[in-house]
Amino acid sequence: MISAKAVFEKERWVLFEAHGHADYDDQGNDIVCAAFSCLTRTIARYCQKRDLLENIKVCEDGIYFRLDPLAESKSVAIAAEILILGLKDLEKEFPENMKLEIKGRE
């Protein structure tokens with residue numbers, strides 16, 4: 001199962017981390033893993049390109065990034081909304097393969 005966590009402080013997105021494997025299908029055929037990876041990597045690249053990240057780490061079984069506290073807040077909010085909407089849809093469709101935890105946000 002992929003475990004993902006988005007952390008907010010004072011309604012501002014500050015951290016995203018995820019680890020694990022979806023185990024929906026064999027490697028190379030796992031549509032849940034592919035969808036998750038595509039969505040999170042695209043958002044990470046968007047944040048990187050807009051200089052919103054303070055730190056990023058991508059490894060074989062996970063991704064971690066921390067948002068720069070001084071980054072422009074509207075761009076951070078848009079990125080957070082897109083990522084969370086997509087991951088909630090993925091979690092709803094594949095609840096045995098992905099879990100999203102959101103901390104610090106209503």
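**Notes on salt bridges, buried polar residues and cysteines**

1. Let me start with Glu-91, which counts as buried at 18% relative accessibility. That figure is under the 20% cut-off for burial. This is a predicted model, so please take every value here as computed from its coordinates. Glu-91 has a partner: its side chain meets that of Lys-99 in a salt bridge, at 3.7 Å from N to O. Lys-99 itself is partly exposed, with a relative accessible area of 46%, whereas Glu-91 is buried.

2. How confident is the predictor in the protein chain? The mean pLDDT is 93, and 99% of the residues reach 70 or more. Going element by element, strand E3 (residues 53–59) has the lowest mean, 91, and E5 has the highest, 97. As a general caution, predicted coordinates should not be read in detail where pLDDT is low.

3. How many salt bridges does the structure hold? There are four. Besides Glu-91 and Lys-99, one of them joins Glu-17 to Lys-5, with the closest N and O atoms 3.2 Å apart. Glu-17 sits in strand E2 and Lys-5 in strand E1 (residues 2–9), so this pair ties together parts that are twelve residues apart in sequence. Both partners are partly exposed: Glu-17 at 26% relative accessibility and Lys-5 at 21%.

4. Another salt bridge to look at is Glu-81 with Arg-105, where the closest N and O atoms are 2.7 Å apart. Here distant parts of the chain are linked, Glu-81 being in helix H2 and Arg-105 in the segment after E5, 24 residues away. Glu-81 is partly exposed, with a relative accessible area of 34%, and Arg-105 is partly exposed too, at 29%.

5. Asp-30 deserves a careful look. You'll find it in the loop between strand E2 (12–19) and helix H1 (31–49). Asp-30 is buried but has no salt bridge, and the nearest side chain of opposite charge, Arg-41, is 14 Å away. What does the side chain of Asp-30 reach instead of a charged partner? One polar contact goes to the backbone nitrogen of Asp-23, at 3.3 Å. A polar atom of the Asp-30 side chain also lies 3.1 Å from the backbone nitrogen of Cys-33. Leaving aside residues up to four places away in sequence, Asp-30 touches Ala-22, Asp-23, Tyr-24 and Asp-25.

6. Next, Asn-97, in the loop between helix H2 (73–93) and strand E5 (98–103). Is Asn-97 buried or exposed? Its relative accessible area is 11%, so Asn-97 is buried. A polar atom of its side chain lies 2.9 Å from the backbone oxygen of Ala-22. The contacts of Asn-97, not counting residues up to four places away in sequence, are Met-1, Ile-2, Ala-22, Asp-23, Tyr-24 and Val-32. Three of these names should ring a bell from the previous point: Ala-22, Asp-23 and Tyr-24 are on the contact lists of both Asn-97 and Asp-30.

7. On to the cysteines. The structure holds zero disulfides. Cys-33 is in none, and the nearest cysteine sulfur, that of Cys-38, is 11 Å away. Why does Cys-38 make no bond with Cys-33? Their sulfurs are 11 Å apart, which is too far for a bond; the cut-off for a disulfide is 2.5 Å. Cys-33 is partly exposed, with a relative accessible area of 27%, while Cys-38 counts as exposed at 51%. Recall that the backbone nitrogen of Cys-33 is the one lying 3.1 Å from the Asp-30 side chain.

8. Two backbone angles to check. Most residues other than glycine have a negative phi. Phi of Lys-10 is near 55°, a positive value in a residue other than glycine, and phi of Asp-51 is likewise positive and near 55°. Where are these residues? Lys-10 is found in the loop between E1 and E2, and Asp-51 in the loop between H1 and E3. Lys-10 is exposed at 84% relative accessible area, and Asp-51 is exposed at 61%.

9. One last thing about Lys-10: have a look at Gly-104 as well. These residues are 94 residues apart along the chain, and their C-alpha atoms are separated by 7.2 Å.

Key
Residues are numbered from 1 along each chain as its sequence is written. This is a predicted model: local features need pLDDT of at least 70, side-chain atom pairs count only at pLDDT 80 or more; totals for chains, interfaces and linings use all residues. Side-chain values use heavy atoms; hydrogens and water are left out. Helices (H or I, at least four residues) and strands (E, at least two) are DSSP runs, numbered from the N terminus. Buried means under 20% relative accessible area, exposed over 50%, partly exposed in between (1.4 Å probe, protein chains only). A polar contact is a pair of N or O atoms within 3.5 Å; within protein, one must be able to donate a hydrogen and the other to accept it, and residues adjacent in sequence count only if both atoms are side-chain atoms. Contact means heavy atoms within 4.5 Å. Lys and Arg count as positive and Asp and Glu as negative; His and the chain ends are not counted. pLDDT is the predictor's confidence in each residue, from 0 to 100.
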